[in-house]
Amino acid sequence: MITFAEERFVDAWPELEVLVKAHWEETMRPFTDEICMPDVKRYEEFNKTGFYRLYIARKDGKMVGDMGIYLTVSMHTGKKIAQEDTWFMLPEARSGRVALRFVEFIE
């Protein structure tokens with residue numbers, strides 16, 4: 001069973017780093033020679049303020065997916081807005097309606 005939760009970046013990073021690298025290799029490596037070098041300190045700072053929110057998918061306790069979003073208030077309308085930073089699921093976790101359930105949880 002896959003479960004979802006919001007987690008603190010600082011706590012999740014040791015496991016999340018593996019997913020970040022897998023995400024980069026699958027989606028960016030074919031198009032660039034750039035090196036994936038996330039700004040961990042800024043992610044931590046943004047997460048502490050609530051601007052960056054991190055959601056994790058786990059299967060039997062193992063991290064199998066993540067979604068990071070920036071949550072803010074529109075300068076034009078005053079409404080909350082969210083912008084996706086990253087979204088990744090390990091191939092073995094991509095089945096059925098898992099992605100849909102993950103997004104519904106986050107919303």
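W24 counts as buried in this predicted model, because its relative accessibility comes out at 19% and the cut-off for buried is under 20%. The tryptophan sits in helix α1, which covers residues 9-27. Setting aside residues up to four places away in sequence, W24 touches R29, T32, E34, I35 and C36. As for D66, 42 residues away along the chain, its C-alpha atom is separated from that of W24 by 13 Å.

W24 has company on the buried side of things: the buried residues of α1 are F9, A12, W13, L16, L19, H23 and W24. Together, these residues pack against helix α2 and against three strands, namely β2 (52-59), β3 (62-73) and β4 (80-89). The helix itself lies across β2, β3 and β4, and runs at about 100° to β3.

Helix α1 is not a straight rod, either. A straight helix of 19 residues would span 27 Å, yet α1 spans only 22 Å between its end C-alpha atoms. There is a bend to go with that figure: at E15, α1 turns by about 60°.

Next comes the sheet. Its four strands form an open arrangement in the order β1-β2-β3-β4, and the pairing is antiparallel. At the edges are β1 (2-6) and β4, each of which pairs on one side only. From one strand to the next, the twist averages 20°. Between β1 and β2, the antiparallel pairing is made over five bridges; picking out E6, its bridge partner in β2 is Y55. Helix α3, made up of residues 98-106, also packs on the sheet and touches β1, β2, β3 and β4. The direction of α3 makes about 25° with that of β1.

That leaves α2, the helix of residues 40-49, which is home to N47. With a relative accessibility of 14%, N47 falls under the 20% cut-off and so counts as buried. Once neighbours within four places in sequence are left aside, the contacts of N47 come in two runs of the chain: E7, R8 and F9, and then Y52, R53 and L54. Of these, F9 also belongs to helix α1, where it is one of the buried residues, and α2 is among the elements that the buried residues of α1 pack against. Y52, R53 and L54, for their part, are contacts of N47 that fall in the range of β2 (52-59).

Definitions and conventions
Residues are numbered from 1 along each chain as its sequence is written. This is a predicted model: local features need pLDDT of at least 70, side-chain atom pairs count only at pLDDT 80 or more; totals for chains, interfaces and linings use all residues. Side-chain values use heavy atoms; hydrogens and water are left out. Helices (H or I, at least four residues) and strands (E, at least two) are DSSP runs, numbered from the N terminus. Buried means under 20% relative accessible area, exposed over 50%, partly exposed in between (1.4 Å probe, protein chains only). Contact means heavy atoms within 4.5 Å. The expected span of a helix is 1.5 Å times one less than its number of residues. The bend at a residue is the angle between axes fitted to the seven residues ending there and the seven starting there. Two strands pair if DSSP finds at least two bridges between them. Axes are lines fitted to C-alpha atoms, for helices over the stretch in contact, and angles run from 0 to 180 degrees between N-to-C directions.
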